[in-house]
Amino acid sequence: MQKRNTVLILAVFSILILITSQIIIIRGVWKQNDELLKLRYRTLSQEAVASMRGRPSVAYDTVSRLLDDYSSKKIKELREITDSAKLAEKKKDILTYVTVLLNKEQDFSDILSSYFEENGFEKNFNHIISINNLEFIDVDTFLIYGDRSFVNRRPGSRQKMPSALKETKSSILVNRQWIGGNNYIMNFEYSIDFSDKRRMILQEIAWTLTMSIFSILIVAILFLYTYRNLMEEKRLSNLKTDFINNMTHELKTPLATITVAGKTLEMEQIRADDSKILETAKLIGKQSVHLNQLINMILEISMWERTQFQLDKKKVDIEEVMNDIVSSFSAGCRDCASLSQKYCFNGVKADIDLVYFTTLINNLLSNAVKYSDKEPAIDIEGNAEDNNICIKIADNGIGINRTDQKHIFDKFYRASSGNIHKYKGLGLGLYYVKKIAVAHGGDVTVSSKPGKGSIFTITIPY
Ligand code: ADP
């Protein structure tokens with residue numbers, strides 16, 4: 001049990017390590033693809049800018065013109081403001097206006113978009129324009145916004161930026177440029193941002209992702225399969241051990257009786273009494289028959305394993321056969337149970353091997369008696385329908401729980417209560433029953449409730 005748990009813990013642990021390492025790999029691949037995507041669009045954008053004959057500012061000609069008029073007007077207003085708070089307010093308004101203007105007249109986006117499309121790449125993106133520096137110049141210079149030290153900042157550099165200018169994680173800087181007119185100079189950055197970037201990267205790494213999920217699935221399935229096999233082997237090995245214990249116990253009982261009987265025969269006072277000798281001889285004979293039956297059963301079953309056993313089928317009246325089997329059983333066990341029979345076979349004749357069929361019914365009847373903790377009452381019902389004969393053997397015994405019901409027809413299986421030697425057995429009776437029913441083209445099923453009894457149903461086609 002301890003070993004099994006250790007194997008399970010180790011296996012689960014290895015699967016967790018595998019999943020974690022796959023997640024790390026995928027994250028790495030994701031990051032790499034993210035960088036590649038940025039690089040690709042940055043290069044493409046630069047190519048697009050270069051194709052404008054080195055004058056990207058032509059894209060902002062309209063802005064230039066509008067700003068020329070706007071700046072000369074605003075300079076006059078700025079000059080008249082003396083209050084510093086009002087001046088700051090005014091500068092803020094100017095910055096907002098220029099930003100809106102730049103964003104509205106962003107012909108650059110159209111140029112980039114068609115360039116991306118021509119090259120077969122994603123053409124839908126958002127643009128971000130951020131002003132680094134804006135100055136209105138007359139006789140005096142009005143610094144509207146910014147700090148020149150940011151102007152030459154390299155993309156991605158660690159230099160601290162004013163919060164308004166912070167690059168977003170997903171944006172790609174395309175161009176930083178100066179434009180200027182009679183009364184102003186301005187430095188601004190144009191970046192693009194793919195809101196659908198996640199989907200684009202997912203598309204690129206789809207194959208890696210699929211392989212990774214696939215490999216995790218394969219490992220998990222292999223693990224489950226191996227674990228199941230391991231458990232099955234363990235179960236079989238337990239069953240075999242139980243079988244050997246039970247068989248030893250079963251064989252020991254008649255052997256011990258025979259040994260004691262032999263010893264008894266050696267005693268003089270016994271040998272002097274003919275009736276005692278006869279009684280002991282009968283006992284030895286009975287125990288030898290029992291021993292022989294046990295050994296035969298084991299031999300027969302091991303023979304079935306190697307060869308398909310042959311049925312010697314004959315057409316027989318099933319009702320007659322059932323009556324015979326039940327009455328000999330009742331006589332054999334000296335009325336050990338109250339047996340009730342209710343048949344409705346309508347004179348059906350079925351093709352069965354009488355010897356094996358008798359063993360099948362006898363095994364079920366003796367189990368019904370054996371696994372009973374009160375006066376056994378057995379109801380036997382039979383009918384013929386849909387070309388099948390159907391026989392139900394119901395008892396009022398100890399019943400079988402759900403888990404055991406799944407295994408009772410397995411070789412050597414004994415329900416947990418059966419393994420304590422209160423109920424003797426080898427776990428072969430029902431295995432035998434199933435084999436015989438199947439060999440006749442039929443089947444056997446069980447329905448049972450612990451404490452309430454069991455019903456075994458045999459169907460055999462006729
Ligand atoms: P054995 O009787 O030798 O143990 P079987 O193959 O006949 O082997 O039965 C397998 C197990 O099924 C038994 O150990 C017992 O626990 C359970 N079983 C079989 N028949 C009955 C029954 N009629 N009522 C309750 N339990 C039963």
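What follows is a friendly conversation about how the terms used for this structure are justified.

Biologist: What should I know before we start?

Modeller: This is a predicted model, in which local features need pLDDT of at least 70 and side-chain atom pairs count only at pLDDT 80 or more, while totals for chains, interfaces and linings use all residues. Residues are numbered from 1 along each chain as its sequence is written, and side-chain values use heavy atoms, with hydrogens and water left out.

Biologist: How do you know that there are 12 helices and 11 strands in the chain?

Modeller: Both are DSSP runs numbered from the N terminus: helices are H or I with at least four residues, and strands are E with at least two. Helix α10, for instance, covers residues 402–405.

Biologist: Why is Glu-189 called buried?

Modeller: Buried means under 20% relative accessible area, exposed means over 50%, and partly exposed is in between (1.4 Å probe, protein chains only). Glu-189 has 1%, so it is buried. In the chain, buried residues make up 37% of the 462 residues.

Biologist: What makes Glu-189 and Arg-176 a salt bridge?

Modeller: The term asks for a side-chain nitrogen of Lys or Arg within 4 Å of a carboxyl oxygen of Asp or Glu. Here the closest N and O atoms are 2.8 Å apart, so the pair qualifies. Glu-189 lies in strand β4 (residues 184–193) and Arg-176 in strand β3 (residues 171–180), so the salt bridge ties together parts that are 13 residues apart in sequence. Arg-176 is partly exposed, at 23% relative accessibility.

Biologist: How do you know that Lys-315 and Asp-351 also meet in a salt bridge?

Modeller: Their N to O distance is 3.8 Å, which is within 4 Å, so the pair counts. Lys-315 sits in strand β5 (residues 314–317) and Asp-351 in strand β7 (residues 349–352), so parts that are 36 residues apart in sequence are tied together. Lys-315 is exposed at 52%, whereas Asp-351 is partly exposed at 32%.

Biologist: What does the salt bridge between Asp-410 and Arg-235 tie together?

Modeller: The two side chains meet at 3.3 Å, N to O. Asp-410 is in the loop between α10 and α11 and Arg-235 in helix α5 (residues 197–266), so the parts joined are 175 residues apart in sequence. The structure holds 11 salt bridges, and Lys-74, Glu-77 and Lys-90 are linked in a network of them.

Biologist: Why are Arg-402, Lys-406, Lys-449 and Lys-452 called a patch of positive charge?

Modeller: Lys and Arg count as positive and Asp and Glu as negative, with His and the chain ends not counted. A patch takes residues with over 30% relative accessible area and no salt bridge, and like charges are joined within 9 Å, placed at NZ of Lys or CZ of Arg. Arg-402 has a relative accessible area of 72%, so it passes the 30% cut-off.

Biologist: What makes the phi of Asp-386 worth a remark?

Modeller: Most residues other than glycine have a negative phi. Asp-386 is not a glycine, yet its phi is positive, about 50°. Asp-386 lies in the loop between β8 (377–385) and β9 (388–394) and is exposed at 67%.

Biologist: Where is Phe-412 found, and is Phe-412 buried or exposed?

Modeller: Phe-412 is in the loop between α10 and α11 (416–419). Its relative accessibility of 14% is under 20%, so Phe-412 counts as buried. Phe-412 also has a positive phi, near 70°.
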